[in-house]
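I opened this notebook to record how strands are arranged and paired in the structure, going through one sheet at a time.

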Amino acid sequence: MISALSWVSKGKLKAVPDEAEPLSKEEIQELLKNEGLYTSSREVSEDEEEEGDMDLDDTKSAEEVSQALAAANVVGKNSSYGTKDVTDGLGELNMDAYDDEDNDISLFARDVDIYYPSNELDPYLQKVDVDDEDEIEDAVIKPSDAVIICARNDDDICIYEELEDGDSNLYPHHDIILPAFPLCTAWLDYNLKGGDKGNFIAVGSMEPAIEIWDLDLINEVHPCLVLGGIDTEKEKKKKKKKEKKGKKISIKYKNDSHTDSVLGLAWNKKIKKYLASASADMSVKIWDVDTGKCFHTRKHHTDKVQAVAWNWYWPNALLSGSFDHSVVLTDMRFPSHTGIKSAVTADVESIAWDPYDEHAFIVSLEDGTIQGYDLRGATSNPALGCKPCFTLHAHDKAVCTISYNPSVPKMLATGSTDKAVKLWDLSNNQPSCVASKNPKAGALFSISFSDDSPFLLAMGGSKGELQVWDTLTDIGVARKFGKYTNRKVEPVQDDPVQNDPAPKI
């Protein structure tokens, strides 16, 4: 299944990404020592006590399975993902037979030599001769290519190629192997390594750590920066100590780290060194990626925090939405600021600021509704928050994901576990449905409009197939919003149930 999508601006990625340097023998051994430390607190059972000292490495395989299956619980009933769809998606991975796959050797297998005496003997480091000109051309990322980061059980980097004849081509370019199930992503054009340009993806997962990967490197096995997470040095010292019967294993986290899954990420487009994160530990954190440390923590919610979003115009205004049925606007310049808290009718699934109105934002909810807000309608009492300008029953099930069109005023896309994507005109706070589509992607978990090609909408869901919809081909969209493009297209009426499939992978 696809849990999150992020577009990369055209021309930002290197035409040919660099090959990551292979790990040394010492680096591999260090990774092996640290393996197994990214685990959650758990009860020590009576049987484990009888078997002897508790060793986190001995339960790693079981932990990997339980972490994946735990996604259905953490992001099920109380989040943007439908439990049945998540469980079905994980079931396709055949995790019950995980230990039976003896023919496959894991990168982190313990009882085998996992390095070669020289790079010349390592088959994975040998250059592959490619005779097919099409494959050679596909390996090069052109400035005109739209690039999409697709978070599945690993992160896929996919290319959407718009051809001269009006057709399109969607294909995977390379992937990033992740240690935990990804839940959210945010593309960063800030260079963490110095210089003017940068292409990085921040990934939040079932683990408390936030990993940032360099998109201009391929075959990289570890992130360039990790924010928070488990303190491996402290874990090493206590791994061999036997825990008392019936007690929890106390995990030692890095200073100011999240202590539970990271459910939402948002990059500050004005102050680019700041990254906001939302977590199931009920906190919101601001990270300074220059120092790799937490700049500030807010604990103004009483349940899991699902989403965060920076205002497009005010770089210090941060909005957060929670399962406690509230959205809170805080001014990050003032740590003591309690924020403006607005009550909603159900668990918050997604939030988004209007790119054309600094005062307006949208909240999507678990009960299938979306609500629009205007800060100018807030009362003088911050505790009373804002009243919604409108409430719309948009879908039959949870509205997991929303996306404003960054180039077309008042155009909003919504995606739901009812498997439908809908396009709305929000003019004058009177929403009207312009188009509806079943993209055959299953329950929709993530949709996102492109910044460069404003009518392209990426979609991903429980079936695990990335799809891109050229929304301008819909006759309703062309009539309502066609004035915002110079493209010449032949609109086609899409049937909301039985329609031509979008390009997919």
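Which residue in β21 does F361 stand opposite? Before answering, I noted that I am working with a predicted model. I then found that F361 stands opposite Y373 in β21.

Entry on the surrounding strands. I looked up the pair to which this contact belongs, and I saw that strand β20, residues 360–365, and strand β21, residues 369–374, run antiparallel and are joined by five bridges. I next followed the sheet outwards and found an open sheet of four strands in the order β19-β20-β21-β22, paired in the antiparallel sense. Its edge strands are β19 (348–353) and β22 (390–393), each of which pairs on one side only. I also noted that neighbouring strands of this sheet are turned by 15° against each other on average, with direction ignored.

Entry on another sheet. I turned to the open sheet whose four strands come in the order β6-β7-β8-β10, again with antiparallel pairing. Here I listed β6 (182–188) and β10 (225–227) as the edge strands, since each is recorded as pairing on one side only. Neighbouring strands are turned by 20° against each other on average, direction ignored.

Entry on I201. I checked both partners of this residue, and I found W187 opposite I201 in β7, while W213 in β8 also stands opposite I201. The strands fit this picture: β6 and β7 run antiparallel and are joined by six bridges, and β7 (residues 200–205) pairs with β8 (residues 210–214) in the antiparallel sense over five bridges.

Is β6 mostly covered or open? I found it mostly covered, with seven of its seven residues buried.

Notes. Residues are numbered from 1 along each chain as its sequence is written. This is a predicted model: local features need pLDDT of at least 70, side-chain atom pairs count only at pLDDT 80 or more; totals for chains, interfaces and linings use all residues. Side-chain values use heavy atoms; hydrogens and water are left out. Two strands pair if DSSP finds at least two bridges between them. Helices (H or I, at least four residues) and strands (E, at least two) are DSSP runs, numbered from the N terminus. Axes are lines fitted to C-alpha atoms, for helices over the stretch in contact, and angles run from 0 to 180 degrees between N-to-C directions. Buried means under 20% relative accessible area, exposed over 50%, partly exposed in between (1.4 Å probe, protein chains only).
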